[in-house]
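Q: Please examine one part of this structure closely, namely its salt bridges, and set them in the context of the surrounding fold.

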Amino acid sequence: MISSPIFKDQLQAPSRQEDLNYWADYIEILCWTELEGKLSVDAVLDRWLDAKNLRINSTEIDGEHDHSESTYFNGSTTSPDYDRIQNYVESVFEFLMSRQTLFEKKYPFEVTQDSISLLDEISAPQNLYLCLLLSSNLYLVDNYKKQITSGFEDLGVKFLRNILSEGFKVHYFGKGSEIENPFPKDLFERFEKLSSLLKIPLTFRVNRENVGVRNTGDNGLDIVAWFEFNNQQPGTMMFFVQCACGKDWFEKQADSHVFRWRNIFQFINPPINLVLIPRSYRNRNGNWHNLIKIDDSVIIDRYRLLTSTILNIERFVEPYQPFLQYVASAENKRSYFD
């Protein structure tokens with residue numbers, strides 16, 4: 001039940017982000033929530049220029065220099081920064097066009113050099129794109145961050161059950177209570193339960209005192225998956241999974257890594273570190289935006305989530321349906337450019 005606006009009153013533009021994906025997401029959300037469902041390059045430029053507190057540095061605008069100081073743009077069309085800002089807005093639209101090419105029929109917008117429009121008829125994969133777009137931009141969300149994060153974790157469980165073979169067991173391990181899982185709330189008891197399921201003994205470090213008497217956390221693990229052989233011998237294929245909606249997803253790669261978990265379990269073989277992110281982490285060519293940021297993990301981003309072989313997409317978006325219906329309602333649309 002959505003009883004209050006999803007998004008904040010002022011949809012603040014990204015601040016000091018070099019990755020064009022943040023700006024592309026921002027414009028897509030403006031278009032998605034806009035009353036007319038369409039934005040022009042000029043309209044976005046006007047909105048940006050009206051932002052009196054817009055912080056400008058050369059890294060944001062042209063990416064060519066790295067200045068230690070930045071200045072505030074005063075909104076004047078005679079400012080020396082005006083042309084650079086205009087060029088940057090146009091470059092974001094060019095980037096959006098590359099997204100349209102990359103996602104093909106799963107993309108819910110139509111983009112030209114001059115404008116972006118929300119499609120009149122939205123398919124199930126396109127609805128999934130909007131769900132992932134919403135989950136990627138929690139900084140714009142007002143009251144429903146927990147529900148949206150839980151929705152993405154639920155989506156992650158369904159996705160893994162969908163792409164893995166029937167021999168795999170996939171369970172939610174996170175501390176959220178909305179998603180069904182076989183683990184107790186107490187973290188020490190959770191470790192014991194997972195140890196039994198994986199047939200891997202706990203290390204000597206794991207005891208009630210070290211874990212904590214009232215610890216109901218998840219130690220950074222959201223989902224666990226393993227192949228269940230028909231014997232009691234240890235050693236199997238395992239996935240330790242982190243679902244990361246925030247901008248700090250780079251740091252979250254360590255949460256599900258074996259380096260963190262080898263203090264808990266006596267692994268015979270390490271689990272595969274899998275990180276699910278709802279954001280698109282691609283450059284104009286569809287390649288990873290920055291491979292240096294990917295640290296010993298398998299990243300499943302928006303593109304991989306949408307283009308992997310998945311069935312019954314409607315089930316994936318079930319937790320998001322109230323949000324999709326809310327934004328689709330004309331009375332909840334906004335007019336940003338009156």
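A: The account below begins with the basis of the model and the overall fold, and then turns to the salt bridges, the strands, the cores and two loop residues.

The model is predicted, so local features need pLDDT of at least 70 and side-chain atom pairs count only at pLDDT 80 or more, whereas totals for chains, interfaces and linings use all residues. Residues are numbered from 1 along each chain as its sequence is written, and side-chain values use heavy atoms, with hydrogens and water left out.

The chain has 13 helices and 10 strands. These elements are DSSP runs numbered from the N terminus, with helices being H or I runs of at least four residues and strands being E runs of at least two. Of the 338 residues, 51% count as buried; buried means under 20% relative accessible area, exposed over 50%, and partly exposed in between, with a 1.4 Å probe and protein chains only. Contact means heavy atoms within 4.5 Å. Among contacts between residues at least 6 apart in sequence, 66% join residues at least 24 apart.

A salt bridge is a side-chain nitrogen of Lys or Arg within 4 Å of a carboxyl oxygen of Asp or Glu. By this rule the structure holds 10 salt bridges. One of them joins the side chains of R302 and D25, with an N to O distance of 3.1 Å. This pair links distant parts of the chain, since R302 belongs to helix α11 (residues 302-307) and D25 to helix α1 (residues 20-33), 277 residues apart. R302 is buried, with a relative accessible area of 0%, and D25 is buried as well, at 2%. A network of salt bridges links D25, E28, R99 and R302.

A second salt bridge lies within one helix. The closest N and O atoms of K158 and D154 are 2.9 Å apart. These two residues are 4 residues apart in helix α6, and are therefore separated by about one helical turn. An α-helix has 3.6 residues a turn, so residues three or four places apart point the same way. Both K158 and D154 are buried. Other buried residues of α6 include I148, F152, L155, F159 and L160. The expected span of a helix is 1.5 Å times one less than its number of residues. For the 19 residues of α6 (residues 145-163) this gives 27 Å, which agrees with the 27 Å between the end C-alpha atoms.

A third salt bridge joins R208 and E189, whose closest N and O atoms are 3.8 Å apart. R208 lies in helix α8 (residues 208-211) and E189 in helix α7 (residues 187-198), so this pair ties together parts that are 19 residues apart in sequence. R208 counts as partly exposed at 30% relative accessibility, and E189 counts as partly exposed at 35%.

Covalent links between cysteines were also sought. A disulfide is a pair of cysteine sulfur atoms within 2.5 Å, and a search of the whole structure finds 0. C31 is buried, with a relative accessible area of 0%, and C131 counts as buried at 1%.

Among the strands, β5 (residues 115-118) has two partners described here. Two strands pair if DSSP finds at least two bridges between them. Strand β1 (residues 38-40) pairs with β5 in the antiparallel sense over 3 bridges, and K38 has S117 as its bridge partner in β5. Strand β4 (residues 109-111) also pairs with β5 in the antiparallel sense over 3 bridges, V111 having I116 as its partner. A hairpin joins β4 to β5 through 3 residues. S115 and S117 point one way from β5, while I116 and L118 point the other way, and all are buried.

A nonpolar core is a set of buried Ala, Val, Leu, Ile, Met, Phe, Trp, Tyr and Cys residues joined through side-chain atoms within 4.5 Å. The largest has 77 residues, of which I6, F7, W32, F109 and I116 touch the most other members. Helix α4 (residues 82-103) gives the most to this core, with 10 residues. Apart from it lies another core of 20 residues, among them I200, L221, F240 and W261. Leaving aside its neighbours within four places in sequence, F7 is in contact with residues including I29, W32, L134 and V327.

Finally, two loop residues have a positive phi. E104, a residue other than glycine, has phi near 55 degrees; E104 lies in the loop between α4 and β4 and is exposed, with a relative accessible area of 60%. N219, likewise a residue other than glycine, has phi near 60 degrees. N219 is found in the loop between α8 and β7 (223-227) and counts as partly exposed at 22% relative accessibility.
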